Every structure is written in C-alpha cells, then in structure tokens.
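Please work through the exercises below with the sequence and the three-dimensional structure open beside you. Each task is followed by a solution that proceeds in steps.

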Amino acid sequence: MLHRRRFLQLGSLGLSAFSFSSFRSMPTASRKPIVISTWDAGIEANKAAWKVLRNGGRALDAVEQGVMVTESSLNCCVGLGANPDRDGHVTLDACIMDEHANCGSVAFLERIKHPISVARRVMEKTPHVMLVGEGAQQFAVAEGFPLELDKLSDDAKKSYENWLKKSEYKPVINIENSKKSTAAVVPTRLENGDWNHDTIGMVAMDAQGNLSGSCTTSGMAFKMRGRLGDSPIIGAGLYVDNEVGAATATGQGEDVIRICGTHLVVELMRQGLSPENACKKAVERIIRIKGAKAKEIQVGFIAINKRGEYGGYCIQKGFNFAVCYADDKNFLVDGKYIL
Ligand code: SD4
C-alpha cells in the first residue's frame with residue numbers, strides 16, 4: 001500500500017498516484033480505490049466520487065460529494081425535486097459513516113438541498129448521531145445551509161396532483177430499465193408519473209484502504225407525514241466497518257429496517273461471505289419473513305469488502321448499481337435477483 005505522504009508526493013509531481021494501466025490489470029482482490037452506488041443515477045454520482053478518490057482523497061469526501069450530485073439535480077428522484085409526502089411536502093433523510101465508525105444522520109428534514117452534508121455536520125460537530133425534523137433544520141440553518149422555498153418541482157407537482165385523485169399509498173416496486181452504458185444517465189419517471197426509485201446509496205474504499213458510505217433519499221413517495229424509512233438509519237440503510245466492508249440499501253425501507261439490513265450484510269461478510277453472497281443472504285431473509293408478500297416489494301443491497309470486491313442482490317428483477325474503479329471504468333451492473 002502506498003503511504004499517504006508518498007501518495008500525495010506523487011500527486012504533486014503531476015503523476016497519477018497510480019499507474020491506471022497497471023492498476024486495471026491488478027486482480028480484483030486488490031482493487032482500490034473503488035466506489036459503487038445504487039441505481040443508474042449512480043453513474044453520475046460515481047464520477048464526482050471518483051474525482052476525489054483518484055486524487056488520493058478520503059472515501060468520506062468521495063461519498064459525500066458523490067451523492068450531492070444526485071441531491072442537486074432538481075429533476076430527480078432524490079432531493080428537493082422529488083415527490084412529496086401525502087401532505088404535499090418533500091421531506092428528506094440521509095446518513096453518512098466513516099472508517100472510524102463515526103456516523104451522522106438527519107431525517108424528516110425539509111427545505112435543505114443537501115441533507116447528506118447536514119448529516120456529516122451532525123457527525124462532526126455534535127455529540128449526537130441523529131437529528132430530525134425541525135431540530136435538524138434549525139441545526140442546518142445555524143451551520144449556514146440556505147433554507148430553500150417550500151415548493152414542489154413542476155414534475156413532482158404534477159405527480160402529486162395525480163396521486164391526490166385516489167390518495168392511495170401504494171409504493172411502486174422500484175425497478176429500473178436496465179441500461180448498460182457509461183453515458184450520462186438521468187433517472188426517468190414511470191408512465192404514471194412516479195419515480196422508479198427515490199434513493200442513492202454509495203459505499204467507497206479510498207487509496208489508503210479506508211471505507212465510508214452515504215445514503216440519501218426523499219423516502220417513499222406520498223408516505224405518511226413523519227414516516228422514516230431505512231435510509232437515515234445506521235445499520236439499516238447504511239453500514240460501514242473498516243475491518244470488513246460496507247453496504248447500503250434501497251427499496252422498501254420498512255423491510256430493510258426489519259432485518260437491520262446493511263449491518264447484517266457486513267456481519268455476513270465478516271463471516272467470510274463475498275459481498276454478493278452476503279447481499280443475497282440478506283435478501284433471502286426478507287423474503288422468508290414476507291412470504292407471499294415478498295412479490296409486492298423490492299429491496300436491493302450493494303456491498304464492497306476490504307479487498308475491493310463488490311456485489312449486489314435484490315428481491316426481483318430490475319435493480320441495478322453503478323461501479324467505478326478507474327477513469328474509464330464506470331458502468332452499470334444488473335443486480336442478481338431471487339423472485
Ligand atoms: C425508503 N429506502 O425511504 C427508501 C426508498 C428507496 O428507492 O430506496 N427508494 O424506504
């Protein structure tokens with residue numbers, strides 16, 4: 001492993017810290033840095049994370065800056081442009097975790113563009129792990145985050161008005177039309193106006209071999225006011241153990257929380273399972289609990305381990321994730337599925 005100072009020296013000499021051609025030929029077992037993230041929006045998010053990682057930056061900075069891209073996109077399923085709760089307000093959840101098991105989280109946060117950065121401030125500047133609602137917003141404003149207007153994006157307004165006709169809470173099974181491309185991919189709405197997913201989760205290992213993760217979401221569309229899913233909950237939507245690996249989740253949060261999903265994935269990797277098999281076991285556990293109702297939901301997990309191996313698994317066809325480990329290696333992988 002390159003010592004950090006040596007690594008930076010190489011960078012300042014204008015040399016790429018790694019020779020990427022030799023890096024690519026390294027066996028998977030020593031692949032680092034690496035970043036993976038959920039869904040096709042992960043391609044753009046990975047690009048921002050990769051800029052940090054390729055310059056020897058910290059995984060924590062990479063996973064924050066990566067998902068900020070998705071949060072910023074007003075025409076997207078994550079962040080302030082997303083679908084609202086059933087009372088018509090967009091409420092955001094996010095969490096972040098670093099290699100020292102430091103973690104921070106915000107939930108039920110309104111009118112703040114970058115919940116992931118507020119979560120990081122909670123981690124770094126408070127004695128707490130989690131701030132919610134009004135208190136989280138108050139903290140964000142005190143930290144200098146601008147308070148945005150309480151206004152739906154045009155698309156979200158349309159789909160909310162459409163939803164109001166029946167006012168039925170019926171989460172759409174979140175699936176993606178698979179596009180195996182490295183081109184810019186923008187999440188698309190389904191025919192009924194809903195997003196096919198509302199979350200980005202990202203886990204990364206930097207050149208020093210340290211792991212971090214982030215997860216940010218607007219939650220399930222048209223949820224009850226005050227509802228939280230798995231995404232802001234450490235051990236459910238995101239978990240990092242620097243000795244073992246890191247995992248993040250997407251899909252129906254209630255069912256991820258039920259099994260402490262990402263903590264389970266990391267513990268399974270600790271027992272020797274590959275990232276893919278650990279994700280598979282966690283998915284199987286949900287299916288066992290849900291029985292016939294498993295067909296009605298989607299959950300996907302993705303994970304990396306300390307060797308830079310990656311994997312993902314989901315309940316049903318249609319989940320994908322983006323993997324990036326070189327300037328020219330940022331691609332979508334279809335998650336394997338069980339049902
Ligand atoms: C939640 N897990 O709030 C999130 C939703 C999600 O793609 O992942 N949607 O339950």
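The exercises concern a predicted model, and they move from the whole chain to the ligand, to annotated residues and then to single helices and loops.

**Exercise 1. The chain as a whole**

Determine how many helices and strands the protein chain has, and what percentage of its residues count as buried.

Solution. Begin with the secondary structure, which comes to ten helices and 13 strands. Next take burial, for which the cut-off is a relative accessible area under 20%; by this criterion 57% of the 339 residues count as buried. Then turn to the surface: the protein chain exposes about 14200 Å², of which carbon and sulfur atoms supply 52%. Finally consider the contacts between residues at least 6 apart in sequence, of which 65% join residues at least 24 apart.

**Exercise 2. The surroundings of the ligand**

Find which residues are closest to the ligand, and state how much of the ligand's exposed area the protein buries.

Solution. First list the surroundings: 13 residues surround the ligand, and the closest are D198, T199, R227, D230 and G251. Second, examine the nitrogen atoms of the ligand. A ligand nitrogen lies 2.6 Å from an N or O atom in the side chain of D230, and a ligand nitrogen is also found 2.7 Å from a polar backbone atom of G251. Third, an oxygen atom of the ligand is 2.9 Å from a polar backbone atom of G253. Last, compare areas: the ligand taken alone exposes 290 Å², and the protein buries 100% of that.

**Exercise 3. The annotated binding site**

Identify which residues of the UniProt feature "binding site" also belong to the lining of the largest cavity, and establish whether G229 and Q252 are buried or exposed.

Solution. Start from the record: in an unreviewed entry, UniProt places the feature "binding site" at R227, L228, G229, D230, T250, G251, Q252 and G253. From this set, R227, G229, D230, G251 and G253 are part of the lining of the largest cavity.

Now look at two members separately. G229 sits in the loop between β6 (211-217) and β7 (238-241), and its relative accessible area is 2%, so it counts as buried. Beyond residues up to four places away in sequence, G229 touches D93, G253 and I257. Q252, by comparison, belongs to the loop between β8 (245-251) and α8 (253-258); its relative accessible area of 15% is under the 20% cut-off and therefore Q252 is also buried. Setting aside its neighbours within four places in sequence, Q252 makes contact with P171, M220, I297, Q298 and V299.

**Exercise 4. The annotated active site and S231**

Locate the residue covered by the UniProt annotation "active site", and determine which side chain forms a polar contact with the side chain of T199.

Solution. The annotation, which comes from an unreviewed entry, covers T199. This residue lies in strand β5 (residues 199-205) and, at 8% relative accessibility, counts as buried. Its side chain is joined to that of T217 by a polar contact of 2.7 Å. When neighbours within four places in sequence are left aside, the contacts of T199 include C215, T217, S231 and T250.

Follow one of these partners further. S231 is in the loop between β6 and β7, and it is buried, with a relative accessible area of 4%. Among its contacts, again without neighbours within four places, are T199, C215 and T217.

**Exercise 5. Helix α9 and a buried loop residue**

Explain why helix α9 is described as largely enclosed, and name the side chain that pairs with that of N83.

Solution. Count first: seven of the ten residues of α9 (residues 261-270) are buried, and so the helix is largely enclosed by the rest of the structure. The buried residues are G261, T262, L264, V265, V266, L268 and M269. Then ask what covers them; the cover includes β7, β8, α8, α10 (275-290) and β9 (299-305). After the helix comes G272, which has a positive phi near 110 degrees.

For the second part, N83 is in the loop between α4 (59-72) and β2 (92-97) and counts as buried at 3% relative accessibility. A polar contact of 2.7 Å joins its side chain to that of S159.

Technical notes: Residues numbered from 1 in each chain as written. Predicted model: local features only at pLDDT ≥ 70, side-chain atom pairs only at ≥ 80, totals over all residues. Heavy atoms only, no water. UniProt positions renumbered as here; feature names shortened; annotations may be inferred. 1 Å grid on protein atoms, 1.4 Å probe; cavity = no way out; pocket = protein on both sides within 12 Å on 5 of 7 lines; lining within 4 Å. Helix = DSSP H or I, 4+ residues; strand = E, 2+ residues; numbered from the N terminus. Buried < 20%, exposed > 50% of the residue type's maximum accessible area, 1.4 Å probe, protein only. Contact = heavy atoms within 4.5 Å. Near = heavy atom within 4 Å. Polar contact = N/O pair within 3.5 Å; in protein donor to acceptor, adjacent residues only side chain to side chain. Areas by Shrake-Rupley, 256 points an atom, 1.4 Å probe, with all protein chains shown as cover.
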